Amino acid sequence: MAAVALKKVSKSYTAGVQVIHEVSMDIADGEFIVILGPSGCGKSTLLRMVAGLERVSAGEVAIGGRVVNDLEPKDRDIAMVFQNYALYPHMSVYDNMAYGLRIKGLSRDEIDTRVKRAAQTLELEKFLDRKPRALSGGQRQRVAMGRAIVREPQVFLFDEPLSNLDAKLRVQMRGELAALHKRLGTTSLYVTHDQVEAMTLAQRMMVMNGGRVEQIGAPLGIYARPASTFVAGFIGSPPMNLIPRDGRTLGIRPEHLEVCSDAEAMMRLEVDLIEPLGADTVVYGHTERDAAVRVAARLPGTASIPQGRLPLRYAPAHVHWFDAASGQRIEL
Amino acid sequence: MVENRPWLTFFSHAVLIGGVLTVAFPLYVTFVCSTLTLEQILQVPMPLLPGNQLLHNYRQVLAGGSTQGSGAAVSTMLLNSLIMASAIAVGKIAISIIASFAIVYFRFRLRRFFFWMIFVTLMLPVEVRIIPTFKVVSDLGLLDSYVGLTLPLMASATATFLFRQFFLTIPEELAEAARIDGAGPLRFFRDVVLPLSSTSIAALFVIQFIYGWNQYLWPLLVTNRESMYTAVIGIKRMIVGGDATNEWQLIMATAMLAMLPPAAVVVLMQKWFVKGLVETEK
């Protein structure tokens, strides 16, 4: 296992067009890091640079204290799990897992021990002779993880590994991934656009936008204190309400709004959509002052919501302020 | 069709049966001819039922060709054809699969240019470049040799193009996964690309074998010695002049023999690539 250090890592495909802008981060040994961002933000490119599948244009990638910029993927001591699994379709599950080890020149017994152990961990023992096409999506996903595990690498790299699974399986595999990391304790970098995966799996996460790092921190810390309007508007479902006020931007999470009497109202919502979710009811609308400002409020499922204008209040402690021009957080 | 319409069924069967007869009748006549004596063939009308000369005729052509025209044994010709067709098919596949592997998986200078150069040669079949090719082969002293017979026919833009299209459908992640597993380009080619291409290879082998077997103009030019004749050329050399002097029963027997190997290849390989097509998944 090893620490990973990114030092001002940049990527440009053609001169002048930069897709990754000086990303820096120190990842401790054994940490589970999630890189979160919308599609096209450069998160996969960053991961592929760590893997060695893309060249680093500027900056340094170090694994276990060794700069690996010019090393081939196989020499970096990493393992990667792809979104579409990338299993070799003509090889059995066993051979898929054993292939890398055979190239490394491990002994037959050693390979057998490792593959059997991984298969046991992932409950794949019954499927070792099958071809990938005879497996379900979840099982293929497990084989892909098995192929990573048997290498016993310093770092695991996951590129949206769960996005090809259906919702139920995704929740299950998420749990298995967390358990696996707990047991193996291998440093992991996990790329996703799904904030639920990020929140539940990450020890720390990096939120990216447009090739730049917006914020790095523990999931709950980022949720509680988003560093910019982008992070505020990206994390949370529905995301933080951003309301222009006095030349700045006021941010308030939907769950921090509550219904009150008209006299106590700190804002009034013209309701146009109500989504009852059972435990909660999410109310959408626009503010009284400006029809362009959308606001969502997460209210208890038992609350009775009057049609028309809804008076709302919030505790001042829950308010976030952002600079209107730059979108950066303003600490008061 | 799922619908039950008697007239449609009748009509489609009529068309299909008509088609089969159109193709099969000449083949049948060929077969019948090869079992008759020359006198019987020259009768008007010619008998349409097989005669009793089958063994005699086939034994004659296999051992000693015709008695009037070329006396080259058809067994030698079949062997020559087999060598030529196999060499062309194997050579074409080997060259074009390596060429397309280079074009798809390696980033090198002028990659696009080379691809288009190969593609352009699609427009230049053997017949167009036959005189310069003949000059080259003859200057190299390759006339009347297997190399001269097969080498100029081996380069194939069609096969290169087909393999390229197939390789482009193999997900990029597979190559990346192999890179992470530590497989170099040649290892990736051997362990992943080749097994995945087996269906395309089988299909191409069938097509190219038949292409090679049916070559006429090129073997006609480069073979002068009887021992180098291919089956197709052998048929031509047996026809010597006027109708009456040709031993049609022997020519037809040779034609039947020349038809069998390609037919066998299609029938045998068909199972292979149908099986492959069903199992294909990437």
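Which residues of E8(A) are buried on one side, and which on the other? Keep that in mind as we walk through these close-ups of a predicted model.

**View 1. Strand E8 of chain A, covered on both faces.** Here is the reply to our opening puzzle: A:Thr187, A:Leu189 and A:Val191 lie on one side of E8(A), A:Ser188, A:Tyr190 and A:Thr192 lie on the other, and all of them are buried. In a regular strand, side chains alternate between the two faces of the sheet. The strand spans residues 187-192 of chain A, and because 6 of its 6 residues are buried, E8(A) is largely enclosed by the rest of the structure.

**View 2. The strands that pair with E8(A).** Take strand E3 of chain A, residues 32-36, to begin with: E3(A) runs parallel to E8(A), and 5 bridges join the two. Look for A:Ile35, whose bridge partner in E8(A) is A:Val191. Now turn to strand E7 of chain A, residues 155-159, which also pairs with E8(A) in the parallel sense, over 5 bridges. In this pairing, A:Leu157 stands opposite A:Leu189 of E8(A).

**View 3. Chain A as the setting for these strands.** Stepping back, chain A holds 8 helices and 19 strands. Its C-alpha atoms fill a box of roughly 80 × 45 × 30 Å along the principal axes. Of the 332 residues in chain A, 39% count as buried. Among contacts in chain A with a separation of 6 or more, 62% come from residues 24 or more positions apart.

**View 4. Where chain A touches chain B.** The contact draws 17 residues from chain A and 16 residues from chain B. On the chain A side, the elements that give two or more residues are strand E6 (78-81) and helix H2 (93-104). H2(A) gives the most to this side, with 4 residues. By class, the chain A side divides into 11 nonpolar, 3 polar and 3 charged residues.

**View 5. Helices H4 and H10 of chain B.** Moving over to chain B, helix H4 (residues 74-105) packs against helix H10 (residues 185-213) at an angle of about 140 degrees, with the axes 8 Å apart. That angle makes H4(B) oblique to H10(B). The crossing of H4(B) past H10(B) is right-handed. On the H4(B) side, the residues that meet H10(B) include B:Ser81, B:Met84, B:Ile88, B:Ile97 and B:Tyr105. Among those they meet in H10(B) are B:Pro185, B:Phe189, B:Val193, B:Phe205 and B:Trp213. The contact of H4(B) with H10(B) has 16 nonpolar, 5 polar and 1 charged residues.

**View 6. Helices H4 and H8 of chain B.** Staying with H4(B), we can look at helix H8 of chain B, residues 157-169: the axes of H4(B) and H8(B) come within 8 Å and cross at roughly 45 degrees. H4(B) and H8(B) are therefore oblique to each other. Their crossing is right-handed. H4(B) brings residues including B:Lys92, B:Ile93, B:Ser96, B:Ala99 and B:Val104 to the contact, while H8(B) brings B:Ala159, B:Thr160, B:Phe163, B:Arg164, B:Phe167 and B:Leu168. Sorted by class, the contact of H4(B) with H8(B) has 10 nonpolar, 3 polar and 2 charged residues. If you compare this view with View 5, look for B:Lys92, B:Ile93, B:Ile97 and B:Phe101 of H4(B), which take part in both contacts.

Key: Residues numbered from 1 in each chain as written. Chains lettered and ligands numbered in written order. Predicted model: local features only at pLDDT ≥ 70, side-chain atom pairs only at ≥ 80, totals over all residues. Contact = placed C-beta atoms within 7 Å. Nonpolar A, V, L, I, M, F, W, Y, C, P; charged D, E, K, R; others polar. Axes fitted to C-alpha atoms, helices over the stretch in contact; angles between N-to-C directions. Parallel < 35°, antiparallel > 145°, perpendicular 65-115°, else oblique. Left-handed = near helix turned anticlockwise from the far one by under 90°. Buried ≥ 20, exposed ≤ 12 C-beta atoms within 10 Å, placed from the backbone. Pairing = 2+ DSSP bridges.
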